[in-house]
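Got your viewer open? Grab the selection tool and follow along, one stop at a time.

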Amino acid sequence: MSNLTLDDIREMDRDDPLAGFRGRFELPEDVIYLDGNSLGCLPKATPARLETVVREEWGRDLIRSWNTADWINAPRRVGAKIAKLIGASDDEVVAADSTSINVFKVLSACLQLNPERTILLSERGNFPTDVYMMQGLSVLSGGRIETRLVDGKDIIGALDATVAALLLTHVHYKTGRMRDMAGVTAAAHKKGIPVIWDLSHSAGALPVDLNSAKADFAVGCGYKYLNGGPGAPAFLFAAKRHHEAVFPALSGWLGHAAPFDFDDAYRPAPGIDRFQCGTPGILGMAALECGLDVMLDADMADLRAKSSALGDLFIALMAERCADFGFTLACPADPAERGSQVSFHHPDGYAIMQAIIARGVIGDFRAPDILRFGFAPLYNSHEDVWRAVHVLCDVMQSGEWRDDKYAQRAAVT
Ligand SMILES: *Cc1c(COP(=O)(O)O)cnc(C)c1O
């Protein structure tokens, strides 16, 4: 891969079967956006769709739109579109709430499947909200339920008959390391443990097949690779075999079998609908659906191939040009073990990231020392990678990252 020229890179972009998708997104001219794993960019179709939902469905048709515009079925309709991306059936996914809330729902569901078991298991360094939700459930249980965190490599050894649920992120948010979903799920099932997969860095980034892996539950974000917009609704998957066994802990009225009976007694809806809770945010649903409609036009195998190629290219160019500046790879070099991001350790990572953002190359920083670059194969090009590495090297060579202004931490990193 060494000694590539910009002409070689442009040829890769000409041969890219997904090249046509970039035109379906708003991307500022002066920005190289490698943070679609944190907030996906704006599909061109979204503003007009939101305008219609706001002015016509809300402004003109008012409350009638719950029926006439089918607002009431948006969580299921949007959920069914997500199902196609994650190897689930249409009636196993709802778009609802946030990922954090959905983690609570599925953890509490697992506790019901195994009422005598007391351990919620995850890995140290998992995305904090997943683990915090476990800790909240421990408190809610009066201490009967405990959270257990072990090193990622020790997960299989920690599976035993006390564990009520195993919760893992499929692609780790910092290291980009991808777990063997089918293998881990099978090992947990041998001990009677249901598995929850957090797909926040997988859905829309690479092929996922929950049902062939026999996954029990899954959750994930709508605003990352699915391009649903800031704070977009999240999603929840529950395998059909578990639906009727779960009495939702968040027993909101829209998960009731007949919400408009206004009954005093909660009766869970049949199937996946019981995992809904309260009134869905229709503006967010509409924006998320626009993101999904673009994504569903793409071939997942093309997506995965391009994402691997972009990551490989980034790593190779860094090794070739940026080897003297103290970066060490924080993600797997083998694309088969990596999600759609690359990350590097650097002791001055925060300031370096701020300096390249000031030059229009947007990635992000994750404490304590990780620079993270996400690849959204629908809108990132090989040339984006080339230019990003060029800017990073330039910022290191010139030392411009040492400017004091880049050391000041903002609220969001
Ligand atoms: C981004 C992310 C979340 C975010 O949860 P929210 O409730 O949307 O804030 C959760 N889990 C993982 C693994 C993430 O990467």
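What follows is a short walk through a predicted model, from a surface patch to a helix and then a loop.

**Stop 1: a patch on the surface.** Select V54, W58, L62, I63 and L283 and show them as a surface. Together they make a nonpolar patch of about 500 Å². Now click on W58 by itself: this residue belongs to helix α2, which covers residues 46–60. Is W58 buried, exposed or partly exposed? Its relative accessible area is 49%, and buried means under 20% while exposed means over 50%, so W58 counts as partly exposed.

**Stop 2: helix α9.** Next, select residues 300–321, which form helix α9. How far apart are its end C-alpha atoms? They sit 31 Å apart, which agrees with the 32 Å that 22 residues should span at 1.5 Å a residue. Add D299 to your selection: D299 caps the N-terminal end of α9, with a side-chain oxygen 2.7 Å from the backbone nitrogen of A301.

Stay on α9 and pick L313, which lies in this helix. L313 counts as buried because its relative accessibility is 1%. Try the distance tool from L313 to T46: the C-alpha atoms are 31 Å apart in space, and the two residues are 267 apart in sequence.

**Stop 3: a loop with a buried residue.** Select N126, in the loop between β5 (119–123) and α6 (128–140). N126 is buried, with a relative accessible area of 4%. What does its side chain touch? There is a polar contact with the side chain of S122, at 3.0 Å. Beyond its neighbours within four places in sequence, show V131, L167, L168, T169, H172 and Y173 too, since N126 is in contact with them.

Conventions. Residues numbered from 1 in each chain as written. Predicted model: local features only at pLDDT ≥ 70, side-chain atom pairs only at ≥ 80, totals over all residues. Heavy atoms only, no water. Patch = residues over 30% accessible without salt bridge, like charges linked within 9 Å, V, L, I, M, F, W, Y side chains within 5 Å. Areas by Shrake-Rupley, 256 points an atom, 1.4 Å probe, with all protein chains shown as cover. Salt bridge = Lys/Arg side-chain N within 4 Å of Asp/Glu carboxyl O. Helix = DSSP H or I, 4+ residues; strand = E, 2+ residues; numbered from the N terminus. Buried < 20%, exposed > 50% of the residue type's maximum accessible area, 1.4 Å probe, protein only. Expected span 1.5 Å × (residues − 1). Polar contact = N/O pair within 3.5 Å; in protein donor to acceptor, adjacent residues only side chain to side chain. Contact = heavy atoms within 4.5 Å.
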